[in-house]
Amino acid sequence: MKFINYIFLSIIVISLYACNDNNSNTDTIETPPEPEYTLKNIYSHNASYFTQGFEFVGDTLIEGTGKNYSSKLIKYNCTNEDIYAQISLDNIYFGEGITVFDSVIYQLTYTSGKCFKYSLDSLKLLGEFSYSGEGWGLTHDDQHIIMSNGSSILSFRDPINFNIIKQVSVKDSNDYSISYLNELEYVNDKIYANIWQSDDIVIIDPETGIVEKRINLSDLRSAGDGTIYSSNVLNGIALHPNGNIFITGKYWPNIFEIKIK
Ligand SMILES: [Ca+2]
């Protein structure tokens with residue numbers, strides 16, 4: 001009899017525990033955090049492009065691609081992929097970041113220490129600059145060409161002679177350096193930078209170098225109509241005149257138009 005009472009008591013205790021557990025689950029259910037961006041549109045992107053630089057001039061997308069033997073500079077309409085003009089770099093060059101300043105396109109090379117200048121209109125080569133170290137990403141403010149080199153340092157250069165005017169060290173609010181700054185975009189007085197080999201974009205105060213926000217865009221990998229392999233890193237950030245940001249990556253089959261909140 002005692003044994004039966006013990007079983008009965010145990011059932012009650014377990015039932016009470018289950019009720020409490022359910023209640024505690026109800027109490028701890030939290031609403032998921034608000035997404036930091038909304039996906040507005042998805043466009044096709046040529047999946048043979050090893051994207052290195054990405055910038056709009058009006059509605060026209062300028063894209064620089066990399067790899068020896070296949071580096072290009074392309075001007076096109078991203079809504080229908082109509083190509084307005086394109087050139088191939090000499091096989092010895094590995095193209096990197098691009099930006100457009102005063103109707104001139106600047107295109108870095110990875111390890112050749114050369115930045116090429118082209119006419120925005122015709123993509124005619126206008127000249128070149130030399131620099132030390134590696135070339136990664138480019139963008140510009142209203143006075144400077146801003147360049148990353150894979151470290152935590154951003155260099156602000158003179159558009160006329162490419163001399164360094166100032167440098168900013170990028171760090172988080174705890175003073176830890178943020179390295180592997182890659183593709184860049186100047187957006188509303190901030191610098192957006194992709195962190196190489198991550199799906200993160202950091203938003204940097206250009207005066208202090210402090211990262212004010214970090215946004216993870218890994219959900220975009222499953223949002224398109226093709227496969228984005230994990231090795232194909234995010235590497236294209238372009239501000240459209242409508243205020244939205246266009247994102248793509250190396251060999252990505254899609255471009256994603258997002259609105260960051
Ligand atoms: Ca860009």
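Student: In what order do the 4 strands of the open sheet run?
Tutor: We're looking at a predicted model here. The pairing in this open sheet is antiparallel. Reading across its 4 strands, the order is 14-15-16-17.

Student: Which are the edge strands?
Tutor: Look for strands that pair on one side only. That picks out strand 14 (181-187) and strand 17 (211-216).

Student: And how far are neighbouring strands of this sheet turned against each other on average?
Tutor: Ignore direction for this one. On average, the turn between neighbours is 25°.

Student: Which residue in strand 15 is the bridge partner of Val-187?
Tutor: Start with the pairing: strand 14 and strand 15 (residues 190-195) go together in the antiparallel sense, over 5 bridges. Follow Val-187 across to strand 15 and you land on Lys-190.

Student: Let's move to strand 4. Which residue there stands opposite Leu-61?
Tutor: Strand 3 (residues 60-65) and strand 4 (residues 72-77) run antiparallel, joined by 5 bridges. Across from Leu-61, in strand 4, you'll find Tyr-76.

Student: Which residue takes a positive phi in the hairpin of strand 3 and strand 4?
Tutor: Check the 6 residues between the strands for the setting of this hairpin. The phi in question is near 85°, and it belongs to Lys-67.

Student: What is the bridge partner of Ile-74 in strand 5?
Tutor: Strand 4 also pairs with strand 5 (residues 83-88), antiparallel and over 5 bridges. That hairpin has 5 residues between its strands, and Glu-81 has a positive phi near 65° there. As for Ile-74, its partner in strand 5 is Gln-86.

Conventions
Residues numbered from 1 in each chain as written. Predicted model: local features only at pLDDT ≥ 70, side-chain atom pairs only at ≥ 80, totals over all residues. Pairing = 2+ DSSP bridges. Helix = DSSP H or I, 4+ residues; strand = E, 2+ residues; numbered from the N terminus. Axes fitted to C-alpha atoms, helices over the stretch in contact; angles between N-to-C directions.
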